[in-house]
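This report describes one protein for a reader who has not met it before. The sequence and the structure come first, and the notes follow under short headings.

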Amino acid sequence: MSVGVIGVSAQGRDAPAMLARIELLEKNGISAAWLATNIAVGVDALSIFAAAAVRTEHILLGTSIIPTWPRHPIVTAQ
């Protein structure tokens, strides 16, 4: 029997709200946080996840939509 990973969208009105939500999700035992880059509010999912990675310990961070045109492929691969 396999165990699934439960994930939740971590969208918010701005970067601090998204980071706080990711930290709260981890605190409440949620296994994964998902984000899409939201051009409308100027938030980049990869940048949010980079900041969240140093503030969390074990939550999985997953992207659902990342535009490729604004960044170089090597930067995206990092």
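## Helix α1 and what it packs against

In this predicted model, the buried residues of helix α1 pack against β1 (7–9), β2, α2 and β3. The residues of α1 that count as buried are Ala17, Met18, Leu19, Ile22, Leu25 and Glu26. The helix has 13 residues, and the distance from its first C-alpha to its last is 18 Å. That is close to the 18 Å expected at 1.5 Å a residue.

Both ends of α1 can be described. At the N-terminal end, Asp14 acts as a cap, with a side-chain oxygen 3.0 Å from the backbone nitrogen of Ala17. After the helix comes Gly29, which has a positive phi, near 85°.

## Overall layout

The protein contains three helices and three strands. Read from the N terminus, their order is β-α-β-α-β-α. Of its 78 residues, 29% count as buried.

Among contacts with a separation of 6 or more, 65% are between residues 24 or more positions apart. One pair that is distant in sequence is Ala51 and Pro16: 35 residues separate them along the chain, and their C-alpha atoms are 9.9 Å apart in space. Ala51 belongs to helix α2. With a relative accessibility of 27%, Ala51 is partly exposed.

## The nonpolar core

The largest nonpolar core is made of 13 residues. Ala10, Ile22, Ala33, Leu35 and Ile48 have the most contacts inside this core. Two or more residues come from each of α1 (15–27), β2 (32–36) and α2 (45–53). In soluble globular proteins, nonpolar side chains tend to be buried together.

Ala33 shows which parts of the chain meet here. Neighbours within four places in sequence aside, Ala33 is in contact with Val8, Ala10, Ile22, Leu25, Phe49, Ile59, Leu60, Leu61 and Gly62. Two of these partners, Ile22 and Leu25, are also among the buried residues of α1.

## Strands β1 and β2

Strands β1 and β2 run parallel and are joined by three bridges. Strand β2 is mostly covered, with four of its five residues buried.

Gly7 is part of strand β1, and its bridge partner in β2 is Ala32. Beyond residues up to four places away in sequence, Gly7 touches Ile30, Ala32 and Trp34. The C-alpha atoms of Gly7 and Ser31 are 5.8 Å apart, although the two residues are 24 residues apart in sequence. Is Gly7 buried, partly exposed or exposed? Gly7 has a relative accessible area of 36%, so it counts as partly exposed.

## The salt bridge

How many salt bridges does a search of the whole structure find? The search finds one. It is formed by Arg55 and Glu23, whose closest N and O atoms are 2.9 Å apart. Arg55 lies in the loop between α2 and β3, while Glu23 lies in helix α1, so the pair ties together parts that are 32 residues apart in sequence.

Both partners are partly exposed. The relative accessible area is 43% for Arg55 and 28% for Glu23.

## Two buried polar residues in loops

Thr56 is located in the loop between α2 and β3 (60–65). Its relative accessible area is 12%, so Thr56 counts as buried, the cut-off being under 20%. A polar atom of the Thr56 side chain lies 2.8 Å from the backbone oxygen of Ala52. Apart from neighbours within four places in sequence, Thr56 is in contact with Ile22, Glu23 and Glu26. Glu23 is also the salt-bridge partner of Arg55.

Asp44 is found in the loop between β2 and α2. With a relative accessible area of 19%, Asp44 is buried as well. Setting aside neighbours within four places in sequence, Asp44 is in contact with Thr37 and Arg71.

Conventions
Residues are numbered from 1 along each chain as its sequence is written. This is a predicted model: local features need pLDDT of at least 70, side-chain atom pairs count only at pLDDT 80 or more; totals for chains, interfaces and linings use all residues. Side-chain values use heavy atoms; hydrogens and water are left out. A nonpolar core is a set of buried Ala, Val, Leu, Ile, Met, Phe, Trp, Tyr and Cys residues joined through side-chain atoms within 4.5 Å. Buried means under 20% relative accessible area, exposed over 50%, partly exposed in between (1.4 Å probe, protein chains only). Contact means heavy atoms within 4.5 Å. A polar contact is a pair of N or O atoms within 3.5 Å; within protein, one must be able to donate a hydrogen and the other to accept it, and residues adjacent in sequence count only if both atoms are side-chain atoms. The expected span of a helix is 1.5 Å times one less than its number of residues. A salt bridge is a side-chain nitrogen of Lys or Arg within 4 Å of a carboxyl oxygen of Asp or Glu. Two strands pair if DSSP finds at least two bridges between them.
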